[in-house]
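Colleague: I would like to go through this structure with you step by step, beginning with the ligand and then turning to the sheets. Could you show it to me?

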Amino acid sequence: MHERNPYKKNPPNFTLLARDYPELRKHCFVTPRGTLNLNFNDAEAVRILTLVLLKKDFGLVVELPRNNLVPRIPQRLNYLLFIEDLLMHNAVNNEDVFGIDIGTGASCIYPLLGAKKFGWKFLATEIDEDSASIAMSNVKSNNLSEKITVIRSSDGKMIFPEAVGAGDEEVYTFSMCNPPFYDFEESDKKYAADENDVYENVVTEGERPGPRSATVAKLNELATEGGEVAFVLRMVEESKKLRARIRVYTSMVGIKTSMYKIERVLKEIAEIRYMVSTLNQGRTQRFVIAWTYDNAVKFL
Ligand code: SAH
């Protein structure tokens with residue numbers, strides 16, 4: 001876990017949390033040592049934990065629909081802290097930061113945490129209509145409308161919003177993205193849908209083990225044509241036009257073999273510099289790729 005991640009030294013203490021948050025208590029069990037632990041196999045328990053941590057540690061009251069992907073707070077913080085490292089390394093002040101979050105989800109998690117913890121401004125996009133509207137209401141109900149704008153990307157043809165490429169002269173500090181990881185074929189093997197098209201993980205085998213705790217999600221949150229490699233490479237392609245309008249492009253990547261495929265493409269683009277970083281969260285390892293057209297940007 002990142003050094004500055006508040007949960008590194010202070011992981012959630014379920015004994016204390018259950019005392020203060022009755023809604024969490026019923027999802028806890030007593031360990032042989034007499035302490036309480038959370039039943040991570042229950043998707044609802046994981047959802048309530050996220051709500052409780054957002055409230056207790058960040059003063060955020062968030063609507064998280066039962067059928068949407070639930071963001072794991074410590075893991076989302078790791079990615080934000082990697083970006084903060086980059087910004088500090090480049091002596092960028094928090095009040096000057098304007099980031100883009102691609103596929104913000106119903107939770108709008110990265111902009112909410114980024115705005116609340118660091119004071120960053122955000123432009124967030126979301127292709128799914130329901131998720132976009134819940135994201136908008138989460139921004140509003142937390143009084144962050146001055147910092148965060150959510151836009152619904154209508155057809156998904158372009159990943160970066162038109163506004164970024166067109167008229168306005170804004171230079172964005174960074175972009176970030178937690179892309180749908182799987183190709184449709186792959187998500188079919190790992191997740192099963194119920195009659196309401198809500199997907200739940202079924203298998204944890206193969207090249208890329210599925211999540212170890214229960215995961216419930218909508219298909220658009222799990223899968224995209226060509227999986228994460230295709231999604232990130234679309235952003236790379238669009239960045240050829242946008243160039244330094246976004247100072248540093250970044251994306252999360254789920255597995256190493258995806259990263260190799262992405263690096264192979266980036267290596268061939270002479271004007272791009274890139275770096276790779278690792279995010280550790282418990283037994284799960286994720287990666288971040290960052291690339292830039294801006295000669296002034298210093299990588300870590
Ligand atoms: N950022 C959130 C959600 C990640 S899931 C989190 O970290 O929890 C990926 C999200 O990307 C989904 O909500 C999906 O609807 C959205 N998405 C997929 N393709 C997109 C596109 N072309 N433009 C914007 N959002 C997209």
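Colleague: Which residue has a backbone N or O atom 2.9 Å from a nitrogen atom of the ligand?

Modeller: Please keep in mind that this is a predicted model. Among the residues that come nearest to the ligand are Arg76 and Asn178, but the backbone atom you ask about, lying 2.9 Å from a nitrogen atom of the ligand, belongs to Gly103.

Colleague: How far is an oxygen atom of the ligand from an N or O atom in the side chain of Glu126?

Modeller: Glu126 is one of the residues that come nearest among the 18 around the ligand, and here the side chain provides the N or O atom. Asn220 also places a polar side-chain atom 2.5 Å from an oxygen atom of the ligand. For Glu126, the distance to an oxygen atom of the ligand is 2.5 Å.

Colleague: What percentage of the area that the ligand exposes when taken alone does the protein bury?

Modeller: The starting point is the ligand taken alone, which exposes 580 Å². Of that area, the protein buries 96%.

Colleague: Which elements give two or more residues to the shell around the ligand?

Modeller: The shell is a mixture, since its residues divide into seven nonpolar, seven polar and four charged. Two or more residues of this shell come from each of the elements α6 (109–118), β4 and α10 (219–222).

Colleague: Why do β5 and β11 each have one side without a neighbour in the sheet?

Modeller: Both strands belong to an open sheet of seven strands, with mixed pairing and the order β5-β4-β3-β6-β10-β12-β11. Because β5 (148–152) and β11 (273–281) stand at the edges, one side of each is left without a neighbour in the sheet, and each has a single partner strand.

Colleague: Which residue of β12 stands opposite Met252?

Modeller: Strand β10 (residues 246–253) and strand β12 (residues 284–292) run antiparallel and are joined by five bridges. Helix α12 (residues 256–267) packs on the sheet here, touching β10, β11 and β12. Opposite Met252, the residue in β12 is Val288.

Colleague: Which residue of β9 stands opposite Glu200?

Modeller: This takes us to an open sheet of three strands, which has antiparallel pairing and the order β7-β8-β9. Its edge strands are β7 (191–193) and β9 (216–217), each of which pairs on one side only, and two bridges join β8 (residues 199–201) to β9. In β9, the residue opposite Glu200 is Val216.

Notes: Residues numbered from 1 in each chain as written. Predicted model: local features only at pLDDT ≥ 70, side-chain atom pairs only at ≥ 80, totals over all residues. Heavy atoms only, no water. Pairing = 2+ DSSP bridges. Helix = DSSP H or I, 4+ residues; strand = E, 2+ residues; numbered from the N terminus. Contact = heavy atoms within 4.5 Å. Axes fitted to C-alpha atoms, helices over the stretch in contact; angles between N-to-C directions. Near = heavy atom within 4 Å. Polar contact = N/O pair within 3.5 Å; in protein donor to acceptor, adjacent residues only side chain to side chain. Areas by Shrake-Rupley, 256 points an atom, 1.4 Å probe, with all protein chains shown as cover. Nonpolar A, V, L, I, M, F, W, Y, C, P; charged D, E, K, R; others polar.
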